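Trainee: Please take me through one part of this fold closely. I would like to see how strands, sheet and helix fit together there.

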Amino acid sequence: MPKNPRGTVRAALTVLLAAVLGGCGAQGGASEPDDRPVVLTTFTVLADVARNVAGDELRVESLTKVGAEIHGYEPTPGDVRRASGADLILDNGLGLEAWFSRFVQTVDVPHVVVSEGVEPMSITGDAYAGRPNPHAWMSPLNVQVYVDNMAEAFTALAPEHAEVFAANAEEYKEQLQQVQDDLVSALAAVPPHQRALVTCEGAFSYLARDAGLTERYIWPVNAEQQATPQQITSTIEFVRDNEVPAVFCESTVSDRPMRQVVEATGAAFGGQLYVDSLSEPDGPVPTYLDLIRHDVDTIVAGLTGSTS
Ligand SMILES: [Zn+2]
């Protein structure tokens, strides 16, 4: 706290001036205009990964906010304006953003599908059977492919920073490999008969594959998060038959259907998992690497009964 009241007034005026000069998006009191190229991603997870590759050379923003439901998102006129002002748009692809193909046609900005080159897994069950599971980022190994695609796209956008992007990409890919190794060894500690991952959305196929878990979910894709009685019954049967110790649900959907499964089976509610969105900066998963670590810790704690 400044002791001098005049100093406080002066500080307040400086902040005000900086805000006026820098526009409402100014961070850290920067009063210089930000003329870096703007990269817009469809959701928060991609924005964080992209920032790791871009460093300070590009301005990376997410179109959708923290906690947004991204599968069935409905873009606003403001989103269209924002996208029109961007220099590059990144989307996940694999059918994640159902709204995106129409949206991107309305703006004249290049876009890059960051999952290009990833080996997709298919959704099993329901009307989505056979379609690719879009949640490829739930394997850090796939995100290494995302990173390469981003570095290439950023280099095309700002060739003068090619070396920075390449170096950032290499460094971040090492961190992804570390998180992947930790993920596999942490889940290897779960006894084989307890290695079942039961969640609301079928968003964990890639992680379950990497970690040797059996995946089970109430609904395949969040676009229709209204669980049918049939879906709940079959999840209850699975939990009972396999004596699954804990079940989970994701941050962007209601956990009510899963609470019904908990009621009916006596399994523990193992906690909230993050997939389709990061948390706010002061929440549990402000970055993608935090998201994977948080989910792995939550799953291991739930399945080994080390919660509470
Ligand atoms: Zn999802």
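Mentor: Here is a close look at the open sheet and the helix that lies across it.

This is a predicted model: local features need pLDDT of at least 70, side-chain atom pairs count only at pLDDT 80 or more, and totals for chains, interfaces and linings use all residues. Residues are numbered from 1 along each chain as its sequence is written.

Start with the sheet. Four strands form it, in the order 2-1-3-4. The sheet is open and its pairing is parallel. Helices (H or I, at least four residues) and strands (E, at least two) are DSSP runs, numbered from the N terminus. Two strands pair if DSSP finds at least two bridges between them.

Now the edges. Strand 2 (59-62) and strand 4 (111-113) each have a single partner strand, so one side of each is left without a neighbour in the sheet. From one strand to the next, the twist averages 25 degrees. Axes here are lines fitted to C-alpha atoms, for helices over the stretch in contact; angles run from 0 to 180 degrees between N-to-C directions.

Next, one pairing. Strand 1 (residues 38-41) runs parallel to strand 2, and four bridges join them. Within this pair, Leu40 stands opposite Glu61 of strand 2.

Last, the helix. Helix 2 (residues 44-54) lies across strand 1, strand 2 and strand 3 (88-91). Contact means C-beta atoms, placed from the backbone, within 7 Å. Helix 2 runs at about 170 degrees to strand 2.

For comparison, look at strand 5 (residues 196-201): six of its six residues are buried (20 or more other C-beta atoms, placed from the backbone, within 10 Å of a residue's own; exposed is 12 or fewer, partly exposed in between).

Key:
Contact = placed C-beta atoms within 7 Å.
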